[in-house]
Amino acid sequence: MAKSTIDGGQAIVKCLENEGVEYIFGISGGAAIPIFDAIITTKTKIKMILVRHEQAAAHMADGYARATGKPGVVLVTSGPGATNTLTGIMTAHMDSVPMIVMTGQQIRPMLGKDSFQEADMFGMALPCVKHSYLVKETNDLPRILREAFYISNSGRPGPVLIDLPKDVTAGECTADLHAEMDLPGYAPETPLDQNQVLAIAEALSKSTRPVLLVGHGAMIANAAPQVRQLAETLQAPVTMTLLGKGAFPETHELSLGMLGMHGTAYANKALCEADLIMSIGSRFDDRILGTQATFGRNAVKIHIDIDPSEIGKMITPDIHCVGDAQEVLKELLKHVSTLKTEDWLKRLDKYKKQFPLKYKKEGRLKAQHVIDEAFRVSRGKAIVVTDVGQHQMWAAQFYRVDEPNNWLSSGGAGTMGFGVPAAIGAQFGRPKDTVIAIVGDGGFQMTNQELTTAVIHKLPIKIIILNNHYLGMVRQWQEMFYDDRKSGVDLVGNPDFVKLAKAYGALGINLKRSGDVRRVLKQAMAYNDGPVVINAEVEKTDNIFPMIPPGRPLEDMIMEPPRRKLEKPTGST
Ligand SMILES: Cc1ncc(C[n+]2csc(CCOP(=O)(O)OP(=O)(O)O)c2C)c(N)n1
Ligand SMILES: [Mg+2]
C-alpha cells in the first residue's frame with residue numbers, strides 16, 4: 001500500500017470515505033479548521049451539513065443512524081462546540097445508537113493550561129460513550145477511525161468520541177489509510193450457548209400463556225423476520241417497548257402494542273397474567289417493569305441480550321442467553337412448535353375489546369385524533385420521529401408501526417429537542433421516505449432553529465406541533481400527584497408557530513378544528529418543496545392514559561382520569 005503524504009485532516013476525510021460516510025453534521029471553529037479545510041481540499045463527495053446548534057448535529061447523526069442502521073457522524077470544534085454535543089451523545093448512548101463524534105481540541109502543548117476553548121471533552125463524555133479517544137499522534141488517525149466505526153456499530157452499538165488536537169489534524173500523516181485495528185480486549189460477539197437455547201425451547205413448550213417482549217435489540221440485530229416467525233410458529237402474543245416499535249408489525253393480530261407506563265391496558269394485563277415472559281433485546285427498563293419486585297412474579301422469565309451486563313441488572317431471569325437476537329432466534333426456531341394458546345389469545349382479545357385505546361373526535365381538537373389521522377393518511381408507512389412528552393406517548397399508542405427503523409424516539413434519555421433534528425437526519429438518510437415529526441410546543445422550541453437546515457436542503461419533513469401551551473407531561477403529573485399545582489409548566493408566550501415557520505422559509509399551517517384534520521394532513525403530505533410545520537391547537541389539559549404511576553406495579557394501572565387524590569410518587573421519576 002502506497003504511503004500518503006497528506007495532513008491529518010485529509011487522512012480523516014479519506015478514512016470517513018472508506019467507511020462509506022455520506023454526511024457529516026456539525027459546526028466549525030478554530031480547533032476544527034484543518035478537518036473542515038480537508039473537506040474542500042480532498043474534493044470529497046461526503047456532504048457537510050452545517051447546522052445551527054451542535055446539540056442538533058448530534059441528534060441529526062442519531063436520527064440518520066436509527067433510520068439507516070449506519071453510524072451518524074458529527075464534527076464540531078473544541079470547548080463549547082464540543083460540550084454542546086453532550087446531550088446528543090448521552091441520548092444516543094442510552095438508546096444504543098451508533099455514532100462517531102469528532103471534536104476539535106487545543107494543540108497538544110496547550111492541553112491542561114486552561115487555554116482558549118479547551119475543555120476536557122474526553123473526561124466529560126466518558127460516562128456516556130461506548131468508547132473514546134484523545135488522539136496524540138497524526139499517524140494514529142487511520143487506525144483510530146477504523147476502530148471507532150467498528151466499535152460503534154458492533155455488538156451493542158453506541159457513540160464513540162474522537163477528540164482531535166489541532167496540531168494532530170494539521171500534522172503530516174504518512175500512515176497507511178487502511179490501517180489494521182488493534183483491539184485485543186474487545187470481543188463483541190459471544191458464541192451461542194446451545195444449552196441455553198434448548199432450555200428456552202423447553203420452557204416455551206410448557207407455556208400456555210406466553211408473552212414475547214420485544215426491544216430495540218431485536219431491531220438492531222435485524223431480527224424482525226425471526227420475531228415474526230417465532231410469534232406465528234408459537235402463536236404467542238407480542239408486546240414492544242417504546243424503542244421496539246417496528247420490530248414486530250403492530251397491525252398484526254398477535255400484536256399487543258406497547259407495554260409499560262403508558263402502554264396498552266391489554267399488553268400490561270398480559271404481562272400480569274403471563275406464565276412466561278421472554279424478552280428479546282430489551283433491557284427491562286423501569287418504564288416497563290412497574291417495579292422490579294413485582295414484574296412477572298408468576299412467570300418464567302427469559303432474557304435474550306447481546307450485552308451480558310444487562311442480564312440480571314433489573315430482573316433476574318430464570319433462563320438467559322447472551323447473543324445477537326437474530327442468531328439466537330434462528331437457533332431457537334429449530335426447536336419450537338405451536339403452543340396451546342387458544343384460550344390465552346381469546347382472553348387477550350377480550351381485553352383488547354374491553355380496554356381499547358380511545359379518544360373523542362367530537363369537541364375540541366385532540367392530539368390523539370391528529371396522530372390517528374396521520375397514521376391513516378400516511379398508511380402507516382412513514383418514518384415517525386417524536387419529541388418527548390405527552391405527544392410522544394400518544395404517538396406511541398396511536399401510530400402503529402409495521403416496519404423496523406420507522407419509529408425514532410428518545411427512550412432512555414427522554415431528550416426534549418430530539419424530534420426536529422432527528423427527523424432531519426432520518427430524511428437525509430432515507431430521502432425517498434416520508435418523515436413525520438410529532439413534537440410538543442415545549443420540545444420544538446428547544447431545537448427549532450434547525451428549520452433553517454431543513455429549508456436549505458429542501459427536506460420535506462412534516463412537523464406536527466401538538467400545541468397544548470403546556471409542558472404537558474409535567475403538568476399531568478402535577479395534576480395527578482401534586483394537587484394540580486402548576487409550577488413552571490405554562491408555556492405562555494409561545495410564538496406564532498405558523499409565522500415562525502414562514503420566517504424560516506417553511507410552509508406553516510394552522511390546525512384548530514377536528515373537522516380539518518384530514519384536509520390539513522393531506523395538504524402537508526402533498527407538499528414536497530421543503531419542511532411543513534402544522535401548528536395543531538390541541539386540548540390544553542388532556543391527560544394520557546392508561547398510566548402506571550411511577551414506582552407502582554403493573555397491576556395498579558390507571559385506565560381513566562382518577563376521581564380520588566393519588567399519592568405522590570416517591571421512587572424513580
Ligand atoms: C431537555 C429536557 N428538559 C426537560 C425534560 C422534562 N420533561 C419531560 S416531558 C416535558 C414536557 C414536554 O412538553 P412539550 O414539549 O410541550 O410536550 P407535551 O408533553 O406538552 O406533549 C418536560 C419538561 C426533558 N425530558 N428533557
Ligand atoms: Mg406541550
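Two residues are said to be in contact when heavy atoms of one lie within 4.5 Å of heavy atoms of the other. In the predicted model described here, glycine 380 touches Phe375, Tyr399 and Arg400, when residues up to four places away in sequence are not counted. Glycine 380 is placed in the loop that runs between helix 16 (367–377) and strand 15 (383–386). Its relative accessible area is 9%, and since buried means under 20%, glycine 380 counts as buried. Glycine 9 stands 371 residues from glycine 380 along the chain, and the C-alpha atoms of these two glycines are separated by 43 Å.

The chain as a whole contains 23 helices and 20 strands. Along the principal axes, its C-alpha atoms fill a box of roughly 70 × 60 × 45 Å. For 573 residues, a compact globule would be expected to have a radius of gyration near 25 Å, and the value of 24 Å for the chain therefore agrees with that expectation. Of the 573 residues, 61% count as buried. When contacts between residues at least 6 apart in sequence are considered, 77% of them join residues at least 24 apart.

The accessible surface of the chain amounts to about 22,800 Å², and carbon and sulfur atoms account for 50% of this area. With regard to charge, the chain carries 63 positive and 63 negative side chains. The centres of these two sets lie 7 Å apart.

Helix 18 provides an example of an enclosed element. This helix spans residues 419–429, and 11 of its 11 residues are buried, so helix 18 is largely enclosed by the rest of the structure. Among these buried residues are the glycines Gly419, Gly425 and Gly429, together with Val420, Pro421, Ile424 and Phe428. Ala422, Ala423, Ala426 and Gln427 also belong to the buried residues of helix 18.

A metal site was examined next. The magnesium ion (ligand 2) has as its protein donors Asp441 (OD), Asn468 (OD1) and Tyr470 (O), which lie 2.1 Å from the ion. The spacing of these donor residues in sequence follows the pattern D-x26-N-x1-Y. Two of the donor residues can also be described by their accessibility. Asparagine 468 has a relative accessible area of 7% and is therefore buried, while tyrosine 470, at 11% relative accessibility, likewise counts as buried.

Key:
Residues are numbered from 1 along each chain as its sequence is written. Chains are lettered from A and ligands numbered from 1 in the order in which they are written. This is a predicted model: local features need pLDDT of at least 70, side-chain atom pairs count only at pLDDT 80 or more; totals for chains, interfaces and linings use all residues. Side-chain values use heavy atoms; hydrogens and water are left out. Helices (H or I, at least four residues) and strands (E, at least two) are DSSP runs, numbered from the N terminus. The radius of gyration is taken over C-alpha atoms; the globule rule is 2.2 Å times the number of residues to the power 0.38. Buried means under 20% relative accessible area, exposed over 50%, partly exposed in between (1.4 Å probe, protein chains only). Accessible areas come from the Shrake-Rupley method with a 1.4 Å probe; for residues, only the protein chains shown count as cover. Lys and Arg count as positive and Asp and Glu as negative; His and the chain ends are not counted. The place of a charge is taken as NZ of Lys, CZ of Arg, CG of Asp or CD of Glu. Donors are N, O and S atoms within 2.8 Å of the metal (3.2 Å for Na, K and Ca); water is not among the atoms, so sites may look incomplete.
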